[in-house]
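Me: I should like to go through the classifications assigned to this structure and ask, for each, on what grounds the term is applied.

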Amino acid sequence: MSTLDRARCSLKAHPWALDAGIAAGVLVCMVAGSFVTPRGENGVTWGVRTPDPLSLLLMVLSAAALVFRRRAAKAVLAVTGSLSVIESVTGDPRAPVAMAAVVALYTVASTTDRTTTWRVGLLTMTVLTAAAILGGSLPWYAQENLGVLAWTGIGATAGDAVRSRRAEVQAIRERAERAERTREEEARRRVAEERLRIARDLHDVVAHHIALVNVQAGVAAHVMDKRPEQAKEALAHVREASRSALDELRATVGLLRQSGDPEAPTEPAPGLSRLQDLAATFRNAGLPVAVARADQGTELPAAVDLAAYRIIQEALTNAQKHAGPDARAEVSVVRVGANIEVTVLDDGAGAAGVPGAGGGHGLLGMRERATALGGTLTTGPRYGGGFRVHAILPLKTRSETRTTAPGETA
């Protein structure tokens with residue numbers, strides 16, 4: 001910290017000392033100015049003149065009042081203004097007692113609003129100028145009288161400018177603090193969203209593959225003695241499902257690594273291009289799945305593609321767990337205007353097999369995925385039995401909408 005900065009901090013910490021110093025400086029200026037004779041045959045003359053005792057007393061009282069200018073600005077202005085009026089009426093030649101009133105007027109203007117500054121400033125200018133004109137022997141247009149008018153106007157204007165500057169600096173500081181708080185809140189919100197997204201992915205991956213492993217392991221245990229070949233086939237599906245689960249878990253948890261980590265995953269996130277493979281895993285687990293697509297080869301944004309895949313995966317997992325042994329499932333992906341509609345149906349156990357009845361987070365996770373993209377998701381039992389999951393996902397996500405300029409083609 002420089003010497004100047006330390007001095008500023010010390011003055012801010014001791015305002016009484018600063019005000020006392022200003023009052024002493026004003027007193028010195030007033031006393032020095034009292035030695036100037038404003039009239040003379042050749043204009044203003046300089047001479048050694050002892051001020052009148054009353055003028056000296058008025059200068060000392062005015063300077064002493066300035067010590068309290070921060071604590072009672074208007075009262076100090078009233079005192080210094082009154083002393084200036086007394087000096088204008090009694091002093092001849094006059095001492096510059098009005099200098100203290102100008103400083104007090106500056107203090108009032110710098111600490112109050114503009115309306116108050118105008119009112120108090122006009123009142124002070126009028127009273128002091130009128131006292132100078134009426135109390136002296138000079139004509140009203142004399143330089144001495146006009147000087148009182150000019151200096152009081154300068155004091156009010158300077159104080160108002162300082163107040164405006166302080167308000168502007170304070171507004172800038174508040175905006176900066178508000179922006180900092182907003183950045184922190186945005187960072188926390190993004191962290192929460194990322195944690196929620198990873199939690200959804202982990203839930204979808206674990207729920208899907210563990211459900212398949214459970215079904216195939218049950219099949220293997222059931223046919224192990226009588227049909228060992230079928231048991232081996234079921235165990236092969238268990239091994240494949242567990243390997244897929246490990247790969248997806250590794251990819252999902254790998255997102256938490258640093259960007260420069262060489263072990264970070266490079267495999268793209270799953271999407272509808274792997275829909276047939278997903279359906280095949282459920283067929284191998286004993287759930288017949290029919291897939292119909294009418295999206296005309298639409299290239300989906302990565303977020304929409306992943307959300308559609310995860311919604312189908314979770315819906316089929318719920319059907320596998322809740323719909324019953326003889327259930328069948330249908331998956332359709334259709335483009336309708338600017339949206340992709342994903343529908344998963346099953347003809348299982350009806351109300352008794354409603355997914356999510358066990359208190360899980362499957363339906364909530366699917367709904368959060370759709371809502372995060374600006375889409376909707378509806379679920380419910382079908383008439384005659386079974387369950388229906390229907391998601392509408394916009395092709396243009398919210399983030400893409402924000403980054404596209406108005407009138408610009410995304």
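Me: Why does L57 count as partly exposed?

Reply: The model is a predicted one. In it, L57 has a relative accessibility of 46%. Buried requires under 20% and exposed requires over 50%; the value for L57 lies in between, and therefore L57 counts as partly exposed.

Me: What makes L57 part of a nonpolar patch on the surface, together with which residues?

Reply: The patch is formed by L54, L57, L61 and I86, with about 330 Å² of accessible area together. Membership calls for over 30% relative accessible area, no salt bridge, and nonpolar side chains joined within 5 Å. At 46%, L57 passes the accessibility cut-off. Helix α3 (residues 53-66), in which L57 has its place, supplies the largest share of the patch, 3 residues.

Me: Why is the contact between R114 and D160 called a salt bridge?

Reply: The N to O distance between the two side chains is 3.1 Å. The cut-off is within 4 Å, between a side-chain nitrogen of Lys or Arg and a carboxyl oxygen of Asp or Glu, so the pair R114 and D160 qualifies. In general, side chains of opposite charge can pair when their charged atoms come close.

Me: How do you know that this pair links distant parts of the chain?

Reply: R114 belongs to helix α6 (residues 114-135), whereas D160 belongs to helix α7 (residues 143-223), and they are 46 residues apart. R114 and D160 are also linked with R163 in a network of salt bridges.

Me: Are R114 and D160 buried, partly exposed or exposed, and on what grounds?

Reply: D160 has 14% relative accessibility, which falls under 20%, so D160 counts as buried. R114 has a relative accessible area of 42%, between the two cut-offs, and is therefore partly exposed.

Me: What makes R165 and E168 a salt bridge, and how are they placed in helix α7?

Reply: Their closest N and O atoms are 3.7 Å apart, which is within 4 Å and therefore meets the criterion. Because R165 and E168 are 3 residues apart in helix α7, about one helical turn separates them. E168, at 43% relative accessibility, counts as partly exposed.

Me: Why do E180 and R183 fall into separate exposure classes?

Reply: R183 has a relative accessible area of 51%, which is over 50%, so R183 is exposed. E180 has 36%, which lies between 20% and 50%, so E180 is partly exposed. Their side chains meet in a salt bridge at 2.4 Å, N to O, and both residues lie in helix α7, 3 residues apart. By this rule the count of salt bridges comes to 6.

Me: Turning to the sheet, what makes β3 and β6 its edge strands?

Reply: The open sheet has 5 strands in the order β3-β4-β5-β7-β6, with mixed pairing. β3 (289-294) and β6 (376-381) each pair on one side only, and are the edge strands. The twist from one strand to the next averages 10°.

Me: How do you know that β3 and β4 are paired?

Reply: At least two bridges are required, and 6 bridges join β3 to β4 (residues 329-336), so the two strands are paired. They run parallel, and V289 stands opposite A329 in β4.

Me: Which strands does helix α9 touch where it packs on the sheet?

Reply: Helix α9 (residues 275-284) touches β3 and β4, and its direction makes about 165° with that of β3.

Terms used:
Residues are numbered from 1 along each chain as its sequence is written. This is a predicted model: local features need pLDDT of at least 70, side-chain atom pairs count only at pLDDT 80 or more; totals for chains, interfaces and linings use all residues. Side-chain values use heavy atoms; hydrogens and water are left out. Helices (H or I, at least four residues) and strands (E, at least two) are DSSP runs, numbered from the N terminus. Axes are lines fitted to C-alpha atoms, for helices over the stretch in contact, and angles run from 0 to 180 degrees between N-to-C directions. Contact means heavy atoms within 4.5 Å. Buried means under 20% relative accessible area, exposed over 50%, partly exposed in between (1.4 Å probe, protein chains only). Patches are made of residues with over 30% relative accessible area and no salt bridge: like charges are joined within 9 Å, nonpolar side chains (Val, Leu, Ile, Met, Phe, Trp, Tyr) within 5 Å. Accessible areas come from the Shrake-Rupley method with a 1.4 Å probe; for residues, only the protein chains shown count as cover.
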